[in-house]
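Me: I would like a close look at one part of this protein chain, with the rest brought in only where it helps. Please explain each term when it comes up.

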Amino acid sequence: MKYGPDPAAKFPNEKMKSLCYIKNVVKNPNIIVGDYTYYHDPVDPTGFESRVTHHYGFYGDKLVIGKFCAIAKGVEFVMNGANHRMNAVTTYPFSLFENGWEKSTPALSDLPFKGDTVIGNDVWIGQNATILPGVHVGDGAVIAANATVARDIPPYRIAGGNPAKVIRARFDDETVDFLLRLKWWDWPAEKIFKNLECLCSGDIGKIRDIK
């Protein structure tokens, strides 16, 4: 018996090829994505890697995305390579050009580096949102369309705007703590299948009865 779509498939629904499981199409070893996380794009659903910009190997920074995330069309992850040196007279990157300007190439230690970008599990990122370098988005968070996320977003918060700010929590603190301990996204496929009604119910209390 099947318990949902094959997590190793490129398209989880052959009738809806605008949705693509990211894990099964990315080739960059510094982009790490969990099972069932998808990117939606009617034009280029397999082109998620092009949405990760300024991601240069010599920096070594990683984009880590958890399981069961929903990432909408036009979302961009800006990585550390986009950062310009700001402790000099000018921020202009002379070193990118030739005919002598390359002599101004800074050491990596002189460039801003904010670490890996980490997206938790069960995160929904709305259309055309931008995630800046080094940001951590917690499990269960929602990022509104067109948001620019420059700071960490705690678990199960809804954030929007430019720069993005927390608008509200999805649940009370006790429920959030329970869900973070539950970690339903780590359940085997059979258990998820058997408990879909609870997972998709507006009655959060139902989830507490799962054994």
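How much space lies in the largest pocket?

Reply: The largest pocket holds about 740 Å³ of space. The model is predicted, with residues numbered from 1 along each chain as its sequence is written; local features need pLDDT of at least 70, and side-chain atom pairs count only at pLDDT 80 or more. Totals for chains, interfaces and linings use all residues, and side-chain values use heavy atoms, with hydrogens and water left out.

A pocket is found on a 1 Å grid over the protein atoms alone: it is an open set of points where a 1.4 Å probe fits, with protein on both sides within 12 Å along at least five of seven lines. A cavity, by contrast, is a set of points from which the probe cannot get out. Grid points are joined across faces, edges and corners, and the volume is the space filled by probe spheres set on the points.

Next, the lining, meaning residues with an atom within 4 Å of a point. The largest pocket has 32 such residues, and those nearest its centre are Phe-68, Asp-122, Trp-184, Leu-199 and Cys-200. Helix H1 (173-182), helix H2 (189-194) and helix H3 (196-199) each supply at least two residues of this lining. Helices (H or I, at least four residues) and strands (E, at least two) are DSSP runs, numbered from the N terminus. The protein chain has three helices and 15 strands. By class, the lining has 25 nonpolar, four polar and three charged residues. Here Ala, Val, Leu, Ile, Met, Phe, Trp, Tyr, Cys and Pro count as nonpolar, Asp, Glu, Lys and Arg as charged, and the others, Gly among them, as polar.

The second largest pocket gives a useful comparison. About 470 Å³ of space lies in this pocket, and of its 22 lining residues the closest to the centre are Pro-93, Ser-95, Leu-96, Pro-106 and Leu-111. The lining of the second largest pocket has 12 nonpolar, nine polar and one charged residues.

Nonpolar residues also form cores. A nonpolar core is a set of buried Ala, Val, Leu, Ile, Met, Phe, Trp, Tyr and Cys residues joined through side-chain atoms within 4.5 Å. Buried means under 20% relative accessible area, exposed over 50%, and partly exposed in between, for a 1.4 Å probe and protein chains only. Of the 211 residues in the protein chain, 41% are buried. The largest nonpolar core has 28 residues, and Phe-48, Ile-65, Ile-71, Phe-77, Ile-119, Ile-125 and Ile-143 have the most contacts inside it. Strand S2 (31-33) and strand S5 (63-65) each supply at least two residues of this core. A second, separate core has 15 residues, including Tyr-36, Leu-179, Trp-184 and Ile-192. Trp-184 therefore appears twice: in this second core and among the residues nearest the centre of the largest pocket, since a core is defined by buried residues and a lining by distance to pocket points.

Contact means heavy atoms within 4.5 Å. Leaving aside neighbours within four places in sequence, Ile-143 of the largest core is in contact with Trp-124, Ile-125, Gly-126, Ala-129, Val-137, Val-149, Ile-153 and Ala-159.

Some of these residues lie in sheets. Two strands pair if DSSP finds at least two bridges between them. One open sheet has four strands in the order S2-S5-S8-S11, with parallel pairing. Its edge strands are S2 and strand S11 (136-137), each pairing on one side only. Strand S8 (residues 117-119) pairs with S11 over two bridges, and the bridge partner of Ile-119 in S11 is Val-137.

Another open sheet of four parallel strands has the order S4-S7-S10-S13. Strand S4 (52-53) and strand S13 (148-149) are its edges. S4 and strand S7 (residues 76-78) pair over two bridges, with Val-78 of S7 as the bridge partner of Thr-53.
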